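Ready for some practice in reading a protein model? Work through each exercise with the structure open, and try it yourself before reading the solution.

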Amino acid sequence: MVFKRRDKRPLWKAVADFFWPRGGWTRAFHYVKHRLRRLPDPPHRIARGIFAGIFVTFSPFFGLHFFLAAALAWIMRGNIVAALLSTFVGNPLTFVLIAASSLQTGYFLLGMGTPLGHTVERSLGGKFVDAGRDLKHNLWAMFTDAPADWSHLQLFYDEVFFPYMIGGVIPGMIAALIGYYVSLPVIQAYQNRRKGALKAKLAALKEKAAHKADVRNKPD
């Protein structure tokens, strides 16, 4: 295949690259910033895409952020590529902060106390583990006589997923609005500067072509 890697990475290397890219997170950030500025679309559409991408990173729908960002950008008539690139805001370095702020806000809005202190039956990390085990067990139960048990998944939904989903709206909206209003003038300035540079270059080429034409037409 054309895009298949010649040297297949071991699993540990793939996991390590996910948490720390080969060029480092600084290089990855500058790459995304460069791509966003050079998108061929009006600044307001690119900024809307950035808004969509940042907003969905505060949702608990992990694995679906790309699809949600594209859908929200399409609804907002924003740039879909900008939305996909902006989901980079949700990365292994920021997910802890995003999850903590979303859960804390959700618990506050729902009057549930604090997520770290809410350990009626299990710790927060334990609820993730138990929900994963329930899901695996119930999928296996579909093809066997084993009884399905949804208790841990129900606990996970009530005490993690639902508060995360509700609480992620406010910090997600704040972060997305900051991304929109910061990126809009930056992209406008960059595109205006680039247009000016292209016009100057075109004018120089025309002047050079006119000079060559004058030289050819000049009588000996």
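**Exercise 1.** Does Phe51 count as buried or exposed?

*Solution.* Keep in mind that this is a predicted model. Step one is to recall the cut-off: a residue is buried when its relative accessible area is under 20%. Step two is to look up the value: Phe51 has a relative accessibility of 11%, so Phe51 counts as buried.

**Exercise 2.** Describe how Phe51 and Phe55 are placed relative to each other.

*Solution.* Start with the sequence: Phe51 and Phe55 are four residues apart in helix 3, which means that about one helical turn separates them. A general rule helps here: an α-helix has 3.6 residues a turn, so residues three or four places apart point the same way. Next, take the rings. By the ring-centre rule there are seven aromatic pairs. Phe51 and Phe55 form one of them, with 6.2 Å centre to centre and 5 degrees between the planes. Planes under 30 degrees apart count as stacked, and the pair of Phe51 and Phe55 is stacked. Finally, check the cover on the partner: Phe55 has a relative accessible area of 22%, so Phe55 is partly exposed.

**Exercise 3.** Classify the ring pair of Tyr157 and Phe162.

*Solution.* The ring centres of Tyr157 and Phe162 are 5.9 Å apart and the planes stand at 35 degrees, so this pair is tilted. Now look at accessibility: Tyr157 is partly exposed at 37%, and Phe162 is partly exposed at 28%. To finish, follow the ring pairs outward: they link Phe61, Tyr157, Phe161 and Phe162 into a cluster.

**Exercise 4.** Check the length of helix 3 and find out how covered it is.

*Solution.* Helix 3 covers residues 43–56, which is 14 residues. The expected span takes 1.5 Å times one less than the number of residues. That gives 20 Å for helix 3, and its end C-alpha atoms are 20 Å apart, so the two values agree. For the cover, count buried residues: 10 of the 14 in helix 3 are buried. Among them are Pro43, Ile46, Gly49, Ile50 and Val56.

**Exercise 5.** Which residues have the most contacts inside the largest nonpolar core?

*Solution.* This core has 22 residues, and Leu36, Ile46, Ile50 and Ala82 have the most contacts inside it. Then ask where the core comes from: helix 3, helix 5 (80–86), helix 6 (95–109), helix 8 (151–167) and helix 9 (169–217) each supply at least two residues. Helix 3 gives the largest share, five residues. Another core, of five residues, lies apart from it, and includes Val56, Ala69, Ala73 and Ala83. Back in the largest core, zoom in on one member: leaving out residues up to four places away in sequence, Ala82 touches Leu36, Leu39, Ile46, Gly49 and Ile50.

**Exercise 6.** Explore the surroundings of Thr57.

*Solution.* First locate the residue: Thr57 sits in the loop between helix 3 and helix 4 (65–75). Its relative accessibility is 0%, so Thr57 counts as buried. Next, list its neighbours, skipping residues up to four places away in sequence: Thr57 touches His65, Ser86, Thr87, Val89, Gly90, Phe95 and Ile98. Last, look for polar atoms: one in the side chain of Thr57 lies 2.5 Å from the backbone oxygen of Ile54.

**Exercise 7.** How many helices and strands does the protein have?

*Solution.* Count along the chain: there are nine helices and zero strands. Then step back to the whole protein, where buried residues make up 33% of the 220 residues.

Note on methods:
Residues numbered from 1 in each chain as written. Predicted model: local features only at pLDDT ≥ 70, side-chain atom pairs only at ≥ 80, totals over all residues. Heavy atoms only, no water. Buried < 20%, exposed > 50% of the residue type's maximum accessible area, 1.4 Å probe, protein only. Core = buried A, V, L, I, M, F, W, Y, C linked by side-chain atoms within 4.5 Å. Contact = heavy atoms within 4.5 Å. Polar contact = N/O pair within 3.5 Å; in protein donor to acceptor, adjacent residues only side chain to side chain. Phe/Tyr/Trp six-rings, centres within 6.5 Å; stacked < 30°, edge-to-face > 60°.
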